[in-house]
Amino acid sequence: MFDTVIRGGRISTAADTFSCDIGISDGRIAALGTDLGPAREVIDATGRWVLPGGIDSHVHISQPSGEGIVMADDFESATRSAVIGGNTTVLPFCLQESGASLRESVQAYHAKAEGQCYTDISFHLIISDPTAQVLGQELPALVRDGYTSFKVFMTYEGLALNDRQMLEVMAVARETRALVMVHAENYDIIRFLTDRFEADGKTAPKFHAPSRPVIAEREATHRAISLAELSDVPLMVVHVSNREAMEEIRRARQRGLKIFGETCPQYLVLTEGDLDGLDMEGAKYVCSPPPRDLASQQACWEGLQQGVFSVFSSDHCPFRYDDPQGKLVPKGRSSFRWVPNGIPGVGARLPILFSEGVMKGRIDINRFVALTATNHARTYGLYPRKGTVAVGADADLAIWDPERRQTLTHDMLQDGSDYTPYEGLEITGWPMTTLVRGRVMVRDGALEGTKGSGIYLPRDISAYA
Ligand code: URP
Ligand code: ZN
Ligand code: ZN
């Protein structure tokens with residue numbers, strides 16, 4: 001007797017598409033076949049597509065974001081929005097606060113997440129202060145404990161590492177077989193241009209975009225790849241926004257380097273024109289790197305189609321818009337410089353790629369699964385437990401209605417923000433029912449599961465390390 005059988009669906013993995021029933025026992029996929037026999041619950045998936053639940057390997061939750069600024073999501077609201085949007089696992093970051101021990105920072109995030117999550121979670125680390133203690137002791141111990149990836153920043157006050165520090169971190173990654181993620185933008189170009197714009201009185205949100213031009217991203221991408229090549233470590237260049245940075249990654253891959261790329265919904269459907277709104281409206285779209293132009297959107301699609309980008313993540317980094325602790329920064333700090341960087345997207349990521357990608361014929365369903373689930377699991381040490389439909393894997397499944405048409409609105413996403421940058425987008429296809437380890441968390445579009453059923457996952461080393 002199975003706990004659950006999902007009957008009559010069309011299943012797609014990163015490799016195949018086939019029709020069969022799925023038998024679930026004890027949270028795992030126990031059988032794939034027909035006439036599977038009795039079950040306590042049968043879910044009819046006739047006419048539906050059954051896909052691995054989404055894994056979003058780039059989300060920020062409850063992360064300190066500067067004086068007086070508060071993130072719009074805690075672990076409850078972020079993972080609620082994630083599961084509503086067809087995700088079953090998310091990977092947020094533990095930010096090492098300057099001067100603090102990395103281990104203490106990690107424990108603080110566990111405390112915030114404990115008992116709050118609708119999806120499973122795992123953590124990347126953000127290394128902001130690579131002291132001898134961090135590099136010599138804390139980081140190797142944390143990698144052994146299952147924190148097998150860490151992000152470094154080449155820009156941002158208090159976060160940016162110089163090249164020497166990046167090399168020190170990469171040396172630890174080499175030693176411990178961890179994967180490095182990089183935020184690649186040239187810090188000095190950004191500081192120089194930001195000062196210039198401010199001196200000229202150009203302080204509106206729209207100047208955020210030209211203060212961080214493509215050149216700043218391309219140069220830093222090239223430099224990060226060079227440092228990773230020297231260090232012989234796999235590198236994930238996150239949130240790539242344009243052709244020139246994408247081509248740096250392509251060239252590195254063609255040379256046989258383990259360089260990977262990620263892009264996000266904002267680079268497919270937004271442009272820098274969105275930052276040019278009335279009053280402060282443009283602040284809703286302030287993220288880094290900024291959205292670019294239509295040609296850059298096309299380049300990001302090509303990167304997804306051609307395998308230059310192996311993962312598609314949200315970079316969910318939510319702030320409320322109509323809020324002095326969010327995008328409407330306090331008076332006296334009226335320049336775009338002070339607008340917190342980041343936009344919400346954990347709930348909208350999968351519907352956007354499904355609708356704009358699969359339904360519009362830009363990518364096939366197998367590539368969709370690879371980009372949204374399987375490759376995340378492989379890259380970050382969760383495969384094959386997560387990211388595929390196979391006997392023995394966790395029963396993390398999203399049952400999609402490929403024909404459902406809706407206009408995207410913020411209230412559909414159930415996150416803690418007060419807007420979505422994707423308001424008004426016409427969406428075809430929706431993840432109607434989502435199961436996390438066999439438990440129905442969303443049924444026919446409505447939240448059914450309870451918070452606290454998501455668990456923490458220590459991770460293996462990356463398949464690429
Ligand atoms: O603007 C962004 N992307 N904010 C989130 C932090 C980061 O750099 O990923
Ligand atoms: Zn970043
Ligand atoms: Zn991010």
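User: In this predicted model, what makes the residues of strand S12 fall into two groups, and are they buried or exposed?

Analyst: The grouping rests on direction: Ser149, Lys151 and Phe153 point one way from S12, while Phe150 and Val152 point the other way. All of them are buried. In a regular strand the side chains alternate between the two faces of the sheet.

User: Why is S12 described as largely enclosed by the rest of the structure?

Analyst: The description follows from the count, because 5 of the 5 residues of S12 are buried.

User: How do you know whether Lys151 is buried or exposed?

Analyst: A residue is called buried if 20 or more other C-beta atoms lie within 10 Å of its own. Lys151 has 22 C-beta neighbours inside 10 Å, and therefore counts as buried. Lys151 belongs to strand S12, which covers residues 149-153.

User: Which residues are in contact with Lys151, leaving aside its neighbours within four places in sequence?

Analyst: They are Phe93, His124, Ile126, Met181 and His183. Ile126 also stands opposite Lys151 in S12. His183 is, in addition, one of the residues that surround ligand 1.

User: What does UniProt list for Lys151?

Analyst: An unreviewed UniProt entry lists Lys151 as "modified residue: N6-carboxylysine". Such annotations may be inferred rather than shown by experiment.

User: What makes S11 and S12 a pair, and do they run parallel or antiparallel?

Analyst: Pairing requires at least two bridges between the strands. Strand S11 (residues 124-126) is joined to S12 by 2 bridges, so the requirement is met. The two strands run parallel.

User: Why are S5 and S6 called edge strands?

Analyst: The open sheet of 4 strands has the order S5-S4-S1-S6, with mixed pairing. Strand S5 (28-33) and strand S6 (39-44) each pair on one side only. Neighbouring strands of this sheet are turned by 20 degrees against each other on average, direction ignored.

User: How do you know that S4 and S5 are paired?

Analyst: The cut-off is at least two bridges, and 5 bridges join strand S4 (residues 21-25) to S5; the strands therefore count as paired. They run antiparallel. In one of these bridges, Asp21 has Gly33 in S5 as its partner.

User: What makes helix H1 mostly covered?

Analyst: In H1 (residues 75-84), 10 of its 10 residues are buried. Among them are Phe75, Glu76, Arg80 and Ile84. The helix is followed by Gly86, whose phi is positive, near 90 degrees.

User: Which classes of residue make up the shell around ligand 1?

Analyst: The shell has 6 polar, 2 nonpolar and 1 charged residues. Its members include His60, His239, Cys287, Asp315 and Asn341.

Key: Residues numbered from 1 in each chain as written. Chains lettered and ligands numbered in written order. Predicted model: local features only at pLDDT ≥ 70, side-chain atom pairs only at ≥ 80, totals over all residues. Axes fitted to C-alpha atoms, helices over the stretch in contact; angles between N-to-C directions. Buried ≥ 20, exposed ≤ 12 C-beta atoms within 10 Å, placed from the backbone. Contact = placed C-beta atoms within 7 Å. Near = placed C-beta within 6 Å. Nonpolar A, V, L, I, M, F, W, Y, C, P; charged D, E, K, R; others polar.
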